[in-house]
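Me: I should like to learn how the features of a multi-chain model are read, beginning with charged side chains. Please give the general idea each time, and then the case at hand.

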Amino acid sequence: MEIIALITGFALILIGLYGILSKKNIIKIIVGFSLFDTGLHVLIVTVGYIKGGTAPILDSVVGTTNVASKIVDPVPQALVLTAIVIGLGVTALMLAYALKMYQAKKSLDISDFKDMKW
Amino acid sequence: MNLIIIIVLSVVMVVMAITAIIHKKLAVAVIATGVVSLMASVMYLLMAAPDVAMTEAAIGSGLSTIIFFYVLNKIRKAK
Amino acid sequence: MEVLKIIGALITLLGSVFLLLGSIGLIRMPDVFTRIQTGTKASTLGALLSLLGIGIIYLDIAGKVFLLIVFILITNPVSSHMLARAAHYIGVKKADVTVVDELEDFENEKQKNETQISE
Amino acid sequence: MIKNFFIIAILAGLAAIFVTLFWDFGDSETLTPLATHYATNGATEVGAPNLVTSIVVTYRGFDTLGEVTILFLVASIVSFFLKREKVQKEIAPKRETSEIILTAAKLLVPIVMLLGVYVFINGHLTPGGGFQGGAIIATAFVLLLMANPDFEINHKIIATVESVSGIAFVLIGVLGILLAGGFLDNKVLPLGTFGKIFSAGAIPLIYSFVGLKVGSELSNILSNLQGVQKEEM
Amino acid sequence: MVNIILQIAGGIMLLAVILSLYRFFKAGSLVDRVIAFDVMTIISISLIALITHFSGRTIYIDVAIIYGLLSFLGVIIIARYLEKSL
């Protein structure tokens, strides 16, 4: 089960990277970033999974004694929690840049922006 | 059962990701990204991470799609 | 108690069958509007029944499940209504067997009235 | 052509790295020592049933601080970038909103707001917390915008809520240094009964402020992206 | 007994996901794809309810509540985008 999730996460990373590197449209590049993000999050959460473990919330099912043998690793989940929110912020920032670039040149093709080239 | 669910989710996610990259229409690409986030959220639940699943449901497939469509609308208007 | 659980499971099974019927309708229906109606009505009923079954099996979360059912009952028709309106507005092709289109009749009527007033 | 070759080479290299890592990957059966410490002592040290919350807020509170800072920077940069110029040309006539969505928005906006508040106040008991609650509150604003395209979020209120909650968040952290073990320690308030709403020290308070801050920042970003739509280019 | 019935229900739901995926690809217009997206969301809510049973943690139903309340916003915003009145 973990292996399939790992492969999925890595496949998403590769697809996103391919999109970032090969596409010319700025919005498509941002979509690629978004996919890369999702794949990375799946990967990190899967690494923290323990076989047969349950969610790290101590209620009547888990109890308060001998917790460590029942739950999955909570640290990667906490990291991914912040990473998702930051991912949204980065996406919003990139989209704002894309909008401004489109207003400047009326084009979404990245090879039209040659002002910084020397 | 969990194994079957996760296999189907993986297939849907990978197919949708490929669609998001190769499809020509931008709106379809954004919707496909939303579907990837949707399925990823169910997958987090299977990985025993309800907090992450909730965040992904609220942010990944909700707000992210909304922001993308605001910008797409703006770009279409400026044409 | 066991009987109640089995009843709940059977209700969930019925709900999943409705979800499947909704998806089959999504493929079989001839045009966009019929697909919207099958994809929303059948799926909403299916989701409601499945959630109801889970609520019967676990009685301690029945309150939350009831809340969720109410939310789905409010939100799903709204989204399908918006979608159908948008599809009508951008002029999606209707099936050949379409008999009545009340929104178009209404808008034609409105336009006619407005031209009469301006004249 | 040569570019495609490079791309494929990079992807193949990454795939090779993954395969080598993959051979070493065994299914983990036990927790790492750090996680074991959190799992065994978290309930007594922090008093929150949700271990993820106790890690995010207390053990790794600096992460949350940095995350909130990044979101604040993003919101500022976006609002600086998409600054509205006062060009009032005639706007293309929009289609009027249908009555169904108006009624649904009236009904749903309070419910969604209430759900957001529920999610971040109950962050230490059930799944959820400040980030999710903030995102839900921002979504309520989107619903308002959908129902009424000319609706404008009052920027003064948003700025006030954001600054007040940010200052309160840092202030509670500093109080932790003075009264308890360190920055963002939750033992400023008594721990209370395990599993009740008013327990786990300052965690509900901290998470509420984080939720308000995230919610106002996301609403700010959204209203900037929406507000730029009104000016004709 | 309960477990077996719910497993069959889960299988049927997964079949429904696959069928709506098929509609996503054989779509005539953007509206078709949005309908498929909507149906997938609804099926996901039911699937989360089933996972609640399979994993034995009733606390997961909170995630389904968030889903049920927020998922329709994506569809509404796409509809507003389509009718050019966003």
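**Salt bridges, burial and a pocket**

Reply: R80(E) and E83(E) are joined through their side chains by a salt bridge, with 3.4 Å from N to O. The term denotes a side-chain nitrogen of Lys or Arg within 4 Å of a carboxyl oxygen of Asp or Glu. Salt bridges with shared partners link R85(C), R80(E) and E83(E) into one network. The model is predicted, so local features need pLDDT of at least 70 and side-chain atom pairs count only at pLDDT 80 or more, while totals for chains, interfaces and linings use all residues. Residues are numbered from 1 along each chain as its sequence is written, chains are lettered from A and ligands numbered from 1 in the order in which they are written, and side-chain values use heavy atoms, with hydrogens and water left out.

Me: Are R80(E) and E83(E) buried or exposed?

Reply: Buried means under 20% relative accessible area, exposed over 50%, and partly exposed in between (1.4 Å probe, protein chains only). R80(E) is buried at 1% relative accessibility, and E83(E) is buried at 0%.

Me: How many salt bridges does a search of the whole structure find?

Reply: The search finds 7 over all chains. One of the salt bridges pairs K51(A) with E2(A), whose closest N and O atoms are 3.7 Å apart. K51(A) lies in the loop between α2 (26-47) and α3 (74-105) of chain A and E2(A) in helix α1 (residues 2-22), so the pair ties together parts 49 residues apart in sequence. Helices here are DSSP runs (H or I, at least four residues), as are strands (E, at least two), numbered from the N terminus. K51(A) is partly exposed, with a relative accessible area of 44%, whereas E2(A) is buried at 2%.

Me: Where do E217(D) and K213(D) lie?

Reply: Both belong to helix α8 (residues 203-227) of chain D and are 4 residues apart, about one turn of the helix. Their salt bridge has its closest N and O atoms 3.2 Å apart. E217(D) is buried at 0% relative accessible area, and K213(D) is buried at 11%.

Me: Which side chain of opposite charge is nearest to D31(C)?

Reply: For this reading, Lys and Arg count as positive and Asp and Glu as negative; His and the chain ends are not counted. The nearest such side chain is R35(C), 6.6 Å away, and D31(C) is buried yet has no salt bridge. D31(C) sits in the loop between α1 (2-28) and α2 (32-57) of chain C. Contact means heavy atoms within 4.5 Å; beyond its neighbours within four places in sequence, D31(C) contacts K93(C), K94(C), A95(C) and T98(C).

Me: How is empty space read, and what lines the largest pocket?

Reply: Rolling a probe the size of a water molecule over the atoms shows where empty space is left. On a 1 Å grid over the protein atoms alone, a pocket is an open set of points where a 1.4 Å probe fits, with protein on both sides within 12 Å along at least five of seven lines; lining residues have an atom within 4 Å of a point. The largest pocket is lined by 21 residues, and F33(C), A84(C), H88(C), D101(C) and L103(C) lie nearest its centre. Helix α3(C) gives the largest share of this lining, 4 residues.
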